[in-house]
Every structure is written in structure tokens, then in C-alpha cells.
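User: Could you take a close look at one part of this model for me, the helix packing towards the end of the chain, and then connect it to the backbone details around it? I'd like the cut-offs spelled out as you go.

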Amino acid sequence: MNVYILAGVTGFMCVILHFIYKTFFGQQKCDVQNDESESVTGAQSETVSETSTNENRPSGKSKKRATWKAGKTDFSHPWLLKNLKGHPGNVLLMDFSANGKFLAATCDETNAAVDPTGAAARRRRPRDRRRPPPAPPTPSTPQRISTEELVEALRPHLLSPKRMWALGYPLEIEPTSSKAVVYINPPPRRPLQFTSFDVNAPEFVPGGSQSDSGRGSWGSTPRSDSDEEADAVEHLCVRCDKMFRMTREGEYVVEETCSYHWGRISSNSRHTCCEAPLGSKGCSTSRFHVWSGTKPGMNGPLEGYVRARSPRGGVYAIDTEMCYTTAGLELASVAVIAADGRLVYRSLVKPGSPVVDHNTRFSGIRPRDLARATKTLKDVQNDILGFIGNDTILVGHALENDLRSLKLLHSAVVDTSALYPHSRGFPLRRSLRALSEELLGRSVQRSSSGHSPLEDARAAMDLVLLKVHKERAQRARISNQLPILQPYEPLISSA
């Protein structure tokens, strides 16, 4: 009985609580919904009325639009809650133009914080006032002139016999002989590396101490008991600057690997090939030591040289490539071009001695190239003397090396290394690659397969033509200037 009474009371209380909840909270929810519907309806009606007003508005430009009275309003439409791009305020009104092509919007002005990454916060970047790197000069080819005009223009630039002697050109001993003499300037002395002295070292007695190895005070080669070593000749390796010995027949007494740097020494005392400091271990290796075929100082008499005997005229640029043999540097390739740039002669040459190193990095000569070479040095000399006379002007860069490899005696030469001297003077000389890049805007000797004698010969000829044209232009400017005023003639006569 009590259970039924308790259940009835509980159900009655639930009904009363539900009635109270519906009475109070239900009325508030209806009021909120009515407010939202009225705001949306008012916004839509306002937009429609504004659109109709714009459509009925006359097209004259004298009518001004009424100012918008901005007020702080909470918008329910999602479009009216967003910001304009680059503007911090909320959108107040959006409307289309009269033709329906453009969308106009009004934004509220506010002092809200601006996003530093926004478009409005991006400041104009300062202009880069650094000067851009200069563009490489365009390759240029000087204008060709006639051979007669070129000969007359080059006569003042012919090397004198004294200058040829200082540069290492081969000069004949007698007018009718085939023997020549060459003077090679000693290489510049490298800085000495100072070492600490040992105060406990034994006293040195020339030739008399027990520790004397027989080399003497200057390290001369000791006499060997065998005849083979007694007839051996010492040579200086042009790569690693070490002395090595060879027999008269061109065989190495001791086969020793050569470790060297193939690059030049820069101004900061580093090798250009690997940027290693001066005196460091070589970055390249070769199976044998090599030599140039000459030694510092006087060389001669050297046999096998030829000279042109009859005049033929003309101007030719010549360049050769060489490889290392047991006899030194020998001719492997030659190219000759005329003043107008056409190829006159080109040939591969078979060296007369066994090849030790093809020097492919610089010469571009490979074993397969010399395998198909059929002409010897004598054949090339006969071919060249067929169109070169004793008055022919030969043009080249460091031409003494080419004449020595050709074993050609010639006195009318123009050397571009002397035509464009180094800023620090002799014996320093500028390379053909540097001159071509600076003056002609042309890149030569850049190929990984080695140098091209044809390319180098044309570059030397163009450098000569460029010099001739500059001198002509300078003379023309001087001639166009006003003449120097002369004294008044009556004053001269009265004096």
C-alpha cells in the first residue's frame, strides 16, 4: 500500500516540474527565435530595398551616395563577419554595382591589432642597390685587313735579336749552318724553408769525412762502378723539380713515380689545381719523371734546325702541341692559319723518340692520335717551308716554344706575350687564355680534352689584329685634333 502511494506522489511531482519548465524556459526560447528571424528578415529586406533603389537611380554622376552611418552591430550572416583583405575592420555592407559586375563593400574602421603577416603590414622591401655582376663580354672577331696592310702595321712590333735571345728563341750559330743555340732563363727561386740547426752535428770536411757519401758539397752524382751508370745524365723534372737519371739511350736508371701539381702558383702561394699551399705533396701522379729537353742557361749547339732562304711574304699564325719523350718535349701536332682566318696547314706528327707521357691535359694528344700519325718532323719542316719565306711574319703566343719544337730558325716574329706585356714586367707573361677572355671575350683552353692548336692560333691572330685596329684608331684621333699654333711669322723674320 505504501509503495503505491509513493509511486503516485513521485509521478505527480514530475508532472508539476515539467509544467514549470515548459512555462518559463519555453517562452524565452521562442523570444530568441523570433528576434533572430526578425533580424534576418530586416537585413534581407534592407538589401532588397537598397538594390531596388540602385536600379531606379539615374545614371548621372552628380548624384552622391548617402554616407553610411556606422554603428556597432552584431551580424548573423557569415559574409558580414569577415574582414576585407588587408583591412582589420568587420564588413558592414556588401552590395553589387548598377551593372551587376562589381561587388562593393563597406568595412568598419577599428584599431584592432594587425596581423604582421597580412598584406597591409607588409612594408616595401628596400631596393637592392648593389651593382649586379658585369655580364661576360660577347665574343668578338676583329675586322680583317689585307695582308699588305697587316705587314706594314706589324713591322714596328717585330722582335729584335736581343729580345728573342732573352725570351729563349732559337738563334743560328752561323748563317749557313743547321745548328742553333738557345738560352733559357733560370726559373725563379722559391722561398727558402728555414730549418733548425743541430749543434751536435759532426763537422763537415769536403771529401775527407767518413760520412761523406761521395756526392761532394753540392750533392753531385757519384761515379758508379758500372759503365751504364757512369754514362747516365741527370735531368730536372719539370713537374716535381726533382733530379732523375737517364742513360744516353733514353732509359731510366731508376724508375720512380712522379708526384706533382699540374696547376700554377697563385699570388697567395697556393697551387691553382688543388688550392694546396706551396711545398705540399702533389695532387697528381705520373709513372715517370719528364724533362723539357733544355736546361737553364746556354743550350747548344742543337742540330736539325732549318731556315727559309727565299722571300715569300705573308703573315701566318702558328701553334703547336707537344708530348714528353725520352728526349724531352717533341712535336705532336701543328696548325697554321692565314691572316684572313682560313686554315693553311694542320697535321699530326710522329715523335722521333719513345713517348713517356702524352701530356693530354694540355696537349690534347692521345695514344690513338699518334697511332695514325704518318708524318715525321722532317716532313712537316718541308711542308712549312713550302709557303713560309725568310720575310714571312709569324704570329703566336710564346712562339719560342713552337719554333723549338719545329726546329725552325726565323727572325720575323710577333709574340702576343710581348705585344701585351705583364703589368709586373718581364719575366712574367700573361697567358693566352687570360688575354682572350679579357680582350676578345672568348674562352680558349677550357676544354677538358686539352688545347686545340687551331683555336690557339686563331686567338693569337685576332689579338694581333685587335692591336693593329687600336693603333689605327689612336692615330686617327691624333690627326683629327687641332694643329699646334705656330709663332707669328713677322716675329720670326724680324728676329
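Analyst: Happy to; here is a walk through the helix packing, the backbone around it and a few loop residues.

First, the ground rules: this is a predicted model, in which local features need pLDDT of at least 70 and side-chain atom pairs count only at pLDDT 80 or more, while totals for chains, interfaces and linings use all residues. Residues are numbered from 1 along each chain as its sequence is written, and side-chain values use heavy atoms, with hydrogens and water left out.

The protein chain has twelve helices and 17 strands; helices (H or I, at least four residues) and strands (E, at least two) are DSSP runs, numbered from the N terminus. Its mean pLDDT (the predictor's confidence in each residue, from 0 to 100) is 77, and 64% of the residues reach 70 or more. Over residues 191–197 the pLDDT is below 50, and beyond near neighbours in sequence this stretch has two contacts in the model, a contact meaning heavy atoms within 4.5 Å. The pLDDT also stays under 50 over residues 204–225, where the model has eleven contacts beyond four places in sequence.

Now to the part you asked about. Helix 11 (residues 453–480) has its axis within 11 Å of that of helix 2 (residues 147–154), and the two cross at roughly 75 degrees. That makes helix 2 roughly perpendicular to helix 11. For reference, axes are lines fitted to C-alpha atoms, for helices over the stretch in contact, and angles run from 0 to 180 degrees between N-to-C directions. Angles under 35 degrees count as roughly parallel, over 145 as roughly antiparallel, 65 to 115 as roughly perpendicular and the rest as oblique. In this contact, helix 2 contributes E149, L150, A153 and L154, which meet M461, V464, L465, V468 and R472 of helix 11. The residues of the contact divide into seven nonpolar, no polar and two charged. Here Ala, Val, Leu, Ile, Met, Phe, Trp, Tyr, Cys and Pro count as nonpolar, Asp, Glu, Lys and Arg as charged, and the others, Gly among them, as polar.

Helix 11 also packs with helix 10 (residues 432–440), at an angle of about 50 degrees and with the axes 10 Å apart. Helix 10 and helix 11 are therefore oblique to each other. Their crossing is left-handed: the near helix is turned anticlockwise from the far one by less than a right angle, whereas clockwise would be right-handed. From helix 10, L432, L435, S436, L439 and L440 meet D456, A459, A460, D462, L463, L466 and K470 in helix 11. By class, this contact has eight nonpolar, one polar and three charged residues.

Just ahead of helix 10, there is a backbone detail to check. The peptide bond from F426 to P427 is cis, with omega near 10 degrees, and P427 sits in the loop between helix 9 (416–419) and helix 10. Another cis bond runs from G300 to P301, with omega near 0 degrees; P301 lies in strand 9. As background, most residues other than glycine have a negative phi, and most peptide bonds are trans.

Helix 8 (residues 399–406) brings in positive phi values at its borders. A398, in the loop between strand 15 (393–396) and helix 8, has a positive phi of about 50 degrees although it is not a glycine. A398 is buried, with a relative accessible area of 16%. Buried means under 20% relative accessible area, exposed over 50% and partly exposed in between (1.4 Å probe, protein chains only). Seven of the eight residues of helix 8 are buried, so this helix is largely enclosed by the rest of the structure; the buried ones are L399, E400, D402, L403, R404, S405 and L406. After helix 8 comes K407, whose phi is positive, near 55 degrees. N359 also has a positive phi, near 55 degrees, and is buried at 13% relative accessible area; its place is the loop between strand 14 (355–357) and helix 5 (360–363).

For a loop residue with many partners to list, try H289, between strand 8 (284–286) and strand 9 (297–302). H289 is buried, with a relative accessible area of 3%, and, leaving out residues up to four places away in sequence, touches C237, C240, K242, F244, Y252, E256, T257, C258 and V356.
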